[in-house]
Structure formats: C-alpha cells, structure tokens
Amino acid sequence: MTDGDLEKAAGLVRRARRVLVITGAGVSAESGIPTFRDAQQGLWANFDPQQLASPEGFARDPALVWQWYADRLATIEQTEPNAGHRALAALEQRVPDFLLLTQNVDGLHQRAGSRNVHEIHGSIRRVRCAETGRVYAEGEVPIVPPFPVRTPEGRLARPDVVWFGELIHMPAHRAVEDFLRAAMPDLLLLVGTTALFPYIQQWAWQAASHGSAVIEINPEPSVLAEICDVVLEMRAGKALPELVSEPV
Ligand code: OAD
C-alpha cells in the first residue's frame, strides 16, 4: 500500500454519489469488541463459537447460550462507536444514495448515526420467540438472569441473530438486492471483513464487474482484495476518517 492509494481512495469517495458499504467485525474491533473469531477469549476460550451460535448448541443448553450472549451484550453496552463508524455515518449524510450492509450484530453503526443500515446476521439486541418466531422490540424482553430468557408469554426466547446453518436475515438480503437492481453504486466500500460468505463475495463481484469502484479497508486484505481498485491495509478507525474528511 502506498500514500498514493489513500489519495486515490479519497478521490473515489469524494466523487461517489451512490455508495454501498459492507462491514464486518473489523469495523467494531477498535471499539473493543473482539472480531467474531477472536471473541473466544477468557472464560469462553474453551467453547467453539460455532457450537454456541447454533440451533444445536441452543437446543442442547439454552441457558449456556444465553449466558454467552448476555456476556457479549454486556461487553457491547460498555463500548462506544469508533471513528470508523462515525465516518460512515458522515458519509451517508453527504451522498444522495447510500446503503450500509453489516454482518455485525452489535448495533454500533446505528448508535454512530448511520440510518440506512441492514443487519444480515440479525441483532444481539433483539429477542425473538424460539417457538413462534415473533420478534420483540429492543428492550421489550430484558436479557437478564435467570437464563434462558423467556418471552412475556412464558415461552423460550432466543437471540434474534443468525446462527450457523440458519437462513440469513432475508429483508437485509433483499434490501441489497433491490439497491443493486435499481442501479449499481459508484463505490463499494468493504470494511473489516474476511468476506467468507458467498453473498458478500457475490455482491462485491457484481458491483466490480458492473464498473463500481471497490475499496477494501482491512489490515489483512480479504479474498476480495484481487477485485478491489484500492486495498488500504489500515485500521478502519484510521482510514475511514481520512477518506471521508472534507478536502481542506
Ligand atoms: P471475522 O472475525 O471473520 O474477520 C474480521 C476481519 O476484520 C478480519 O479480516 C480482520 O483482518 C479485520 N480487522 C481486524 N481489525 C480491524 C480493524 N481495526 N479495522 C479493519 N479491519 C479489521 O469477522 P467477519 O468478517 O465480520 O457470522 O465475519 C463474518 C461472519 O463470520 C460473522 O458475522 C459471523 C462469523 O461466522 C455469523 O455469526 C453468522
């Protein structure tokens, strides 16, 4: 990566009118939230996230899974959006067309002021009935012991997040599909994701192959680096404010 890359990326951002942003856990790393695969620290080090964040894991021990989510939520509640989240919210105010698709469940983009946010893996802040599928508004069902959490009707509740082996949050998927079908973005920003999921790779390829400029921001470039116009091997909290700041 060279200084020219940052300048080239800033020019692409400055000229963009229609922007699609796809974020992953890396955008929240500087807020103190471990990336998904690093999240297994401390007392949860001996648990495989794919065991806890799974229908089988929940069926086996719903109380344990709720304790894990409550601990993650407690970590999130103690964090603040970082400069990267805030820069994306500022960018949204500056362009006529903007959609932010996040794989994160932490709600930090919304807390930073982003509005057109779609959470394809759901939200750790929302609870849904494990029996009826009814989704409760944030805060309507307190996530507090004794676990497992139950709905006001006394039914077993679960976090409204996508677990391994489950269908992604289809309204979020449809929002991106509709956005791309209406018109391709001038610019696709890929921020802090290993981009391992096929739908992420397909959207990036679709935009790149239809002429969108693609910028990746990640200290460790993802599999999508080869289709990017610019790869900034930088932390999101440093790169995004530099890209989005008004030219002096
Ligand atoms: P990962 O944990 O797979 O990847 C985090 C990415 O963030 C890596 O590419 C890091 O290099 C990068 N990163 C770390 N610190 C960063 C920083 N300060 N600035 C920018 N990038 C940074 O997280 P995701 O790609 O989000 O799915 O993983 C996607 C999905 O895989 C998660 O949503 C989860 C997991 O399975 C479900 O829970 C369904």
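Where does alanine 195 lie? In this predicted model, alanine 195 sits in the loop between strand E7 (187–191) and helix H9 (198–209).

**View 1. Alanine 195 in its loop has a positive phi.** Here is a backbone angle to check: phi is about 50° at alanine 195, although this residue is not a glycine. With a relative accessibility of 0%, alanine 195 counts as buried because the cut-off for that label is under 20%.

**View 2. Two cis peptide bonds precede prolines 146 and 148.** Take a look at the bond from proline 145 to proline 146, which is cis with omega near 0°. The bond from phenylalanine 147 to proline 148 is cis as well, with omega near 5°. Proline 146 belongs to the loop that runs between strand E5 (135–136) and strand E6 (157–161), and proline 148 is also found between E5 and E6.

**View 3. The largest nonpolar core holds 30 residues.** Those that touch the most other members are Leu187, Leu189, Ile215, Ile217, Leu232 and Leu243. At least two residues of this core come from each of several elements, including helix H1 (3–15), strand E1 (18–23), strand E8 (213–217) and helix H10 (236–244).

**View 4. Leucine 243 and its contacts.** Setting aside neighbours within four places in sequence, you will find leucine 243 in contact with Leu6, Ala9, Ala10, Val13, Ile217 and Leu232.

**View 5. A second core is separate and has 25 residues.** Among its members are Trp66, Tyr69, Ala70 and Trp163.

Conventions. Residues numbered from 1 in each chain as written. Predicted model: local features only at pLDDT ≥ 70, side-chain atom pairs only at ≥ 80, totals over all residues. Heavy atoms only, no water. Helix = DSSP H or I, 4+ residues; strand = E, 2+ residues; numbered from the N terminus. Buried < 20%, exposed > 50% of the residue type's maximum accessible area, 1.4 Å probe, protein only. Core = buried A, V, L, I, M, F, W, Y, C linked by side-chain atoms within 4.5 Å. Contact = heavy atoms within 4.5 Å.
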